[in-house]
Amino acid sequence: MDSFASNGSQVIDPDDPTVTGERKNTLDDPEDIEKACMKQMSYKARRKLRQRVRIEFNITSVLNRQTFLMRLAKALMTFGAPSHRIESQLLSAARILEVDAEFIHIPGVIICSFGDQETKTSEMHFVKCGGRLSLGSLHEVHQIYRQVVHDEISARKATVKLEALLAAKPLYGSFTRCTLAFFLSALICVLAFGGSFVDMWIAGIGATFLCLMQFCVATKSQLYANVFEISVTIVISFAARGLSSIRSQIFCYTAISSAGIVGILPGYLILSSSLELASKNIVCGSVKMVYALIYTLFLGFGLQIGSDLYLLFDRGARHDLATLAARMMTTAAITGTFVSDNGTFANLNHGEPLEGTFTFVSGAPYIREHIIDGCYRPPSFPWYLQPFPWWTQFIIVPIFSILSSLANLQPFWTIELVVMVVISCVSYAANKVANHFIFNRSDVVSAIGAFAVGLLGNIYSRKMGGTAFTSMVTGVLFLVPSGLSQAGGITAQGNGIDIGGAMIAVTIGITVGLFMSQALVYMFGSRKNAAIFSF
């Protein structure tokens, strides 16, 4: 159903035979037929043997090509390829390999159907696997795919390479990834959520705890994996509320709790679902969108439970929080009866009592200029309790971009990493400039940032032959916490529905910006359809 709905809007691969007009000359290894030929044979025996070997070779060749397509499907899902492009890429590979095949992609499964025109039969395979984003492996998969469709290696050799890639261990171990999670949360606490020098270390410790629980407990216990996100967010929110309730007010609850759980935000999942829906892949897009929203509600629920749990034990902190909220209200409404007991209001309603709802407006509300990004920052605080100055962003943003790329399993000594960091820095700069002129519209601001990312990524792919998707993904994921911080932070005043709405607004803006930039770049030139391995 989903496949037929998206046929009209499928983007054709630049290496598709319908675009290039190429045909594959060597569908498999010539030595497969040559190694079985025996020199010391009579002419009749050699002819019979060659006929039999040729038949076996044709069957083996087709099986090798089908196996390659199934391994390619598994590799694309395992390493987090853009899901709205998987069907198009597999169909292009099947055309160039001259295999009669159809593919349907639903979340977690790719259905491969191979047909045989001679026997009028078909064979169906289900490729089922989970996966996460792995930029280095995804780039290698794309290079193997291009080598096959350009007739540089055979399908059998490409299958061996893909199987080796799938069997390889992750690029970085658990300790390295926990260290990356620590620094990522510490830096995003400062960049997006207004945290201070003290807050960033607490947020980093929370992210490290989250990462350790994910690698050491959740992966080994299916029972705990079902409640992993809620339990971890409850602990982080409980600790953040406890620290923020210290009377010296040196810790900020919003910055610590938001940055502490940024590692498990479903930003990439919501982004891919928005791209699916925009590409008319209704089944995949709607399933992923609903799952990501429910997942986000779980996170919001965990944050609220952790905060309320601490306030249940510390009644003084709960009273102080309620008092602060009341002081910051500029209006108060009271329902009842107003009776004047002196002559001040004698002319009001002829001295008779007034009944109804009375609204009182405060002429001097609580000073809000000391509240920065939801954190109390009076000028009397020392430098380590203040937000970082603006010029530190020129140092922190490139470092965060490098660490974010490494956390998504990108090799360090590569030219692609430099491209990712440059595009990510441009993404953040465009987001900041747009936010300076456009207020309270996180979707429009995110669209402008995504347009800048898409423009650079697609130009890099078209002019320099790079992979657009892997070069853009760091900059795109940078926009999710930045956009959420403009929407009020991940806590969103404790309402889980608001968190889901904020994430949808941000990702829809990113989707529009990416598609507009792609359309602009590929509007000119001879290869107008060559955006297959992009967003």
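## Charged surface patch

Asp100, Glu102, Asp116 and Glu118 form a patch of negative charge on the surface. The model is a predicted one. Asp100, one of the four, sits in the loop between α5 (83-96) and β1 (101-106). Its relative accessible area is 38%, so Asp100 is partly exposed. Patch members must have over 30% relative accessible area and no salt bridge. Asp100, at 38%, is therefore over that area cut-off.

The loop between α5 and β1 also holds Glu98. Glu98 is not a glycine, yet its phi is positive, about 55°. Most residues other than glycine have a negative phi. Glu98 is partly exposed because its relative accessibility is 38%.

## The salt bridge

How many salt bridges does the count come to? The count is one. It joins the side chains of Arg71 and Glu163, with an N to O distance of 3.0 Å. The pair links distant parts of the chain: Arg71 belongs to helix α4 (residues 43-78), Glu163 to helix α7 (residues 155-167), and their positions lie 92 residues apart in sequence. Side chains of opposite charge can pair when their charged atoms come close.

Are the two partners buried, exposed or partly exposed? Arg71 has a relative accessible area of 27%, so Arg71 is partly exposed. Glu163 has 34% and is partly exposed too. The 34% of Glu163 is over the 30% needed for a patch, but patch residues must have no salt bridge. Glu163 is in a salt bridge with Arg71. Glu163 is therefore ruled out as a patch member.

## Nonpolar surface patch

Phe183, Phe197, Trp201, Trp383 and Tyr384 make a nonpolar patch on the surface. Its area is about 530 Å². Phe197, one of these residues, is in helix α9. At 31% relative accessibility, Phe197 is partly exposed. That 31% is over the 30% patch cut-off, so Phe197 meets the area condition.

## A buried aspartate in α9

Helix α9 (residues 197-218) also contains Asp199. Is Asp199 buried or exposed? Asp199 is buried, because its relative accessibility is 0%. Buried means under 20%. A polar atom of the Asp199 side chain lies 3.3 Å from the backbone nitrogen of Cys252. The cut-off for a polar contact is 3.5 Å, so this distance falls within it.

Helix α9 thus holds both Asp199 and Phe197. Asp199 is at 0% relative accessibility; Phe197 is at 31%.

## Helix α16 and the loop after it

Ile396 is part of helix α16 (residues 393-407). Ile396 has a relative accessible area of 9%, so it is buried. Which residue is 206 residues from Ile396 in sequence and 8.8 Å from it in space? It is Val190, with the distance taken from C-alpha to C-alpha.

Leu409 lies in the loop between α16 and α17 (415-437). Its phi is positive, near 65°, in a residue other than glycine. Leu409 is buried, because its relative accessible area is 7%. Glu98 also has a positive phi, but Glu98 is partly exposed.

## Distant in sequence, paired in space

Further C-alpha pairs involve buried residues. Ser517 lies in helix α20 (residues 496-521). Its relative accessibility is 0%, so Ser517 is buried. Ser517 and Gly454 are 63 residues apart in sequence. Their C-alpha atoms are 5.2 Å apart.

Val149 is in helix α6 (residues 135-149). Val149 is buried, because its relative accessible area is 3%. Its partner here is Arg95, 54 residues away in sequence. The C-alpha to C-alpha distance between Val149 and Arg95 is 9.2 Å.

Thr467 is placed in the loop between α18 (442-464) and α19 (468-486). Thr467 counts as buried, because its relative accessibility is 4%. How far apart along the chain are Thr467 and Leu138? They are 329 residues apart, while 9.6 Å separates their C-alpha atoms.

Methods:
Residues are numbered from 1 along each chain as its sequence is written. This is a predicted model: local features need pLDDT of at least 70, side-chain atom pairs count only at pLDDT 80 or more; totals for chains, interfaces and linings use all residues. Side-chain values use heavy atoms; hydrogens and water are left out. Patches are made of residues with over 30% relative accessible area and no salt bridge: like charges are joined within 9 Å, nonpolar side chains (Val, Leu, Ile, Met, Phe, Trp, Tyr) within 5 Å. Accessible areas come from the Shrake-Rupley method with a 1.4 Å probe; for residues, only the protein chains shown count as cover. A salt bridge is a side-chain nitrogen of Lys or Arg within 4 Å of a carboxyl oxygen of Asp or Glu. Lys and Arg count as positive and Asp and Glu as negative; His and the chain ends are not counted. The place of a charge is taken as NZ of Lys, CZ of Arg, CG of Asp or CD of Glu. Helices (H or I, at least four residues) and strands (E, at least two) are DSSP runs, numbered from the N terminus. Buried means under 20% relative accessible area, exposed over 50%, partly exposed in between (1.4 Å probe, protein chains only). A polar contact is a pair of N or O atoms within 3.5 Å; within protein, one must be able to donate a hydrogen and the other to accept it, and residues adjacent in sequence count only if both atoms are side-chain atoms.
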